[in-house]
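Visitor: I'd like to learn how to read a structure like this one, feature by feature. Could you walk me through it?

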Amino acid sequence: MNQFSVKARLVGAGLVVLLLAACQDQIVAPAEGPITLDPAMSMNGPAPAAPAGLETVGEVDIWPWTGRDLAGTTADPINLIFKGDVDVVSLRAALLSLADGDRTAFGFPDAPPFNCTWNDAHGEMQTAYSSGSGWVGSAIQLECGDYAPLRFHIRLFDAGMWVLGAVHFDLLIPDTPQHQVLSWELPQLLVTADFARSGLLSADAEDVALGLPGPVQVIPKAIYDGVPDELKFAVGLPPGEAPAEGVGVPSDGLATVLTVGAAASVMPGRTQYDLSMPFSQLIPMPFCSKGPTDFVWVEGPVEISVSTRVNRRGVLEVHNTLRGDLDITPFDVLTGQFSGPTFDAQISQVDNAGAGPNGTWINAIQLRKALPPGVGFLKSHLMTGTNGLARFTRSEKCN
């Protein structure tokens, strides 16, 4: 294709300075959990039921969301559909092959984070569903930009003859290893621009309705008020402070369909990087909570490792971990004082995944464990296979 246009909002060059300054402010925000490796669960038994609310696109029924489990708990909207000569490993190769982040021809400024390049990413394992493949997991995750402070983050899901994508633009919550989604619309444009830059598209992009428009996630007020108005404008959010209930992240309910005429070459290789992120934040008790005022102060480093390998057969293997030994101190939000002795807690996340000609699979285990005089543990285990079978378990024990 010779012509391709993408409209993107222009952002002033001062955005990055303002954002980095804003990210130094302490933010009170909820955290998501972490994990430890267990023996593999049996995949015997019937496949989990399809979620409610499937949408028909062509000859395929698609759940318009990603999930946090296999029971229809929604996470992010599916906002990309790849068809043609596609598979998740070659789509990964297409994005990684872009040598630079020059998107000025598509309306993006030549400034961070909009001139980023793509790398393998760490993030929560999520699920997707289609009639083409049943339940599948996010074996492939990529980020454009660094883990902090801002990045574009995409998950790719094998849907048989198609590939589903969920991409968002997120902000690292200061003093935590967690991210807050700010936009689904802007990253949708950026990925569309990048596949146009790749030269692999054989038709113009088109949009299809896939879900109802409207906010499907909320940015808490404590986070929203720390984001500069320039960034809010860039991602289509209203300026100023948020109401007490926060601000919803808008979604138009549309997915962009990208037709790939030729698959990118998949080259053998290995990538590895490690991060150490500080956790120093007041958060709601993440499990075994005694009520809405049950908060704790969390302190300590969190270590993140991302490891990927593509072998000579073009099979991708993923091994990502997140681990932390933390100090937890109960906090009374009514008095503004610590309300109990400090105790130890361990968090871990171990994600193993693979993708190749025979499909994708994931094995993801999360564990949050509070040691005496703590309050027990929360554990979840998610598996999907190449045969359409899948399993999810969650257990919580309070002392």
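Visitor: Let's start with a single residue. Which strand does arginine 151 lie in?

Guide: Keep in mind that this is a predicted model. Arginine 151 belongs to strand 10, which covers residues 150–159.

Visitor: Is arginine 151 buried or exposed?

Guide: The cut-off to keep in mind is that buried means under 20% relative accessible area. Arginine 151 has 2%, so it counts as buried.

Visitor: What does the side chain of arginine 151 make a polar contact with?

Guide: Look for nitrogen and oxygen partners. The side chain of histidine 153 is one partner, at 3.2 Å. The backbone oxygen of histidine 122 also lies 3.2 Å from a polar atom of the arginine 151 side chain. Leaving out residues up to four places away in sequence, arginine 151 touches several others, including Glu143, Cys144, Asp146, His168, Asp170 and His179.

Visitor: Cys144 caught my eye there. Which cysteine does cysteine 144 form a disulfide with?

Guide: With cysteine 116; their sulfur atoms are 2.0 Å apart. The link is right-handed, with 105° about the S-S bond. Cysteine 116 sits in the loop between helix 2 and strand 6, while cysteine 144 is in strand 9, so to speak a link between distant parts of the chain, 28 residues apart. Both ends are covered: cysteine 116 is buried at 8% relative accessible area, and cysteine 144 is buried at 0%.

Visitor: How many disulfides does the structure hold?

Guide: Two. The other bond joins cysteine 288 to cysteine 398, S to S 1.9 Å. This link is left-handed, with -95° about the S-S bond. Cysteine 288 lies in the loop between strand 17 and strand 18, and cysteine 398 in the segment after strand 24, so the pair ties together parts that are 110 residues apart in sequence. Here cysteine 288 is buried, at 8%, whereas cysteine 398 is partly exposed, at 42%. Number the bonded cysteines in sequence order and the pairing reads 1-2, 3-4.

Visitor: Now the nonpolar interior. Which residues touch the most other members of the largest nonpolar core?

Guide: The general idea is that in soluble globular proteins, nonpolar side chains tend to be buried together. Here the largest nonpolar core has 67 residues, and Phe82, Trp118, Phe152 and Phe195 touch the most other members. Apart from that core lies another, of 22 residues, with Val306, Leu322, Ile328 and Ala345 among them. Back to phenylalanine 152: setting aside its neighbours within four places in sequence, its contacts include Cys116, Trp118, Leu142, Cys144, Phe169 and Leu190. So both cysteines of the 116 and 144 disulfide are among the contacts of phenylalanine 152.Visitor: How would I read a helix, then? How many of the residues of helix 2 are buried?

Guide: Check its cover, then its ends. Eight of the nine residues in helix 2 (residues 88–96) are buried, with Ser90 and Arg92 among them. At the N-terminal end, aspartate 87 acts as a cap: a side-chain oxygen lies 3.0 Å from the backbone nitrogen of valine 89.

Visitor: And the whole protein? How many helices and strands does the secondary structure come to?

Guide: Five helices and 24 strands. Of the 399 residues, 55% count as buried. Among contacts with a separation of 6 or more, 66% come from residues 24 or more positions apart. The protein exposes about 17000 Å², and carbon and sulfur atoms supply 53% of it.

Notes. Residues are numbered from 1 along each chain as its sequence is written. This is a predicted model: local features need pLDDT of at least 70, side-chain atom pairs count only at pLDDT 80 or more; totals for chains, interfaces and linings use all residues. Side-chain values use heavy atoms; hydrogens and water are left out. A nonpolar core is a set of buried Ala, Val, Leu, Ile, Met, Phe, Trp, Tyr and Cys residues joined through side-chain atoms within 4.5 Å. Buried means under 20% relative accessible area, exposed over 50%, partly exposed in between (1.4 Å probe, protein chains only). Contact means heavy atoms within 4.5 Å. Helices (H or I, at least four residues) and strands (E, at least two) are DSSP runs, numbered from the N terminus. A polar contact is a pair of N or O atoms within 3.5 Å; within protein, one must be able to donate a hydrogen and the other to accept it, and residues adjacent in sequence count only if both atoms are side-chain atoms. Accessible areas come from the Shrake-Rupley method with a 1.4 Å probe; for residues, only the protein chains shown count as cover. A disulfide is a pair of cysteine sulfur atoms within 2.5 Å.
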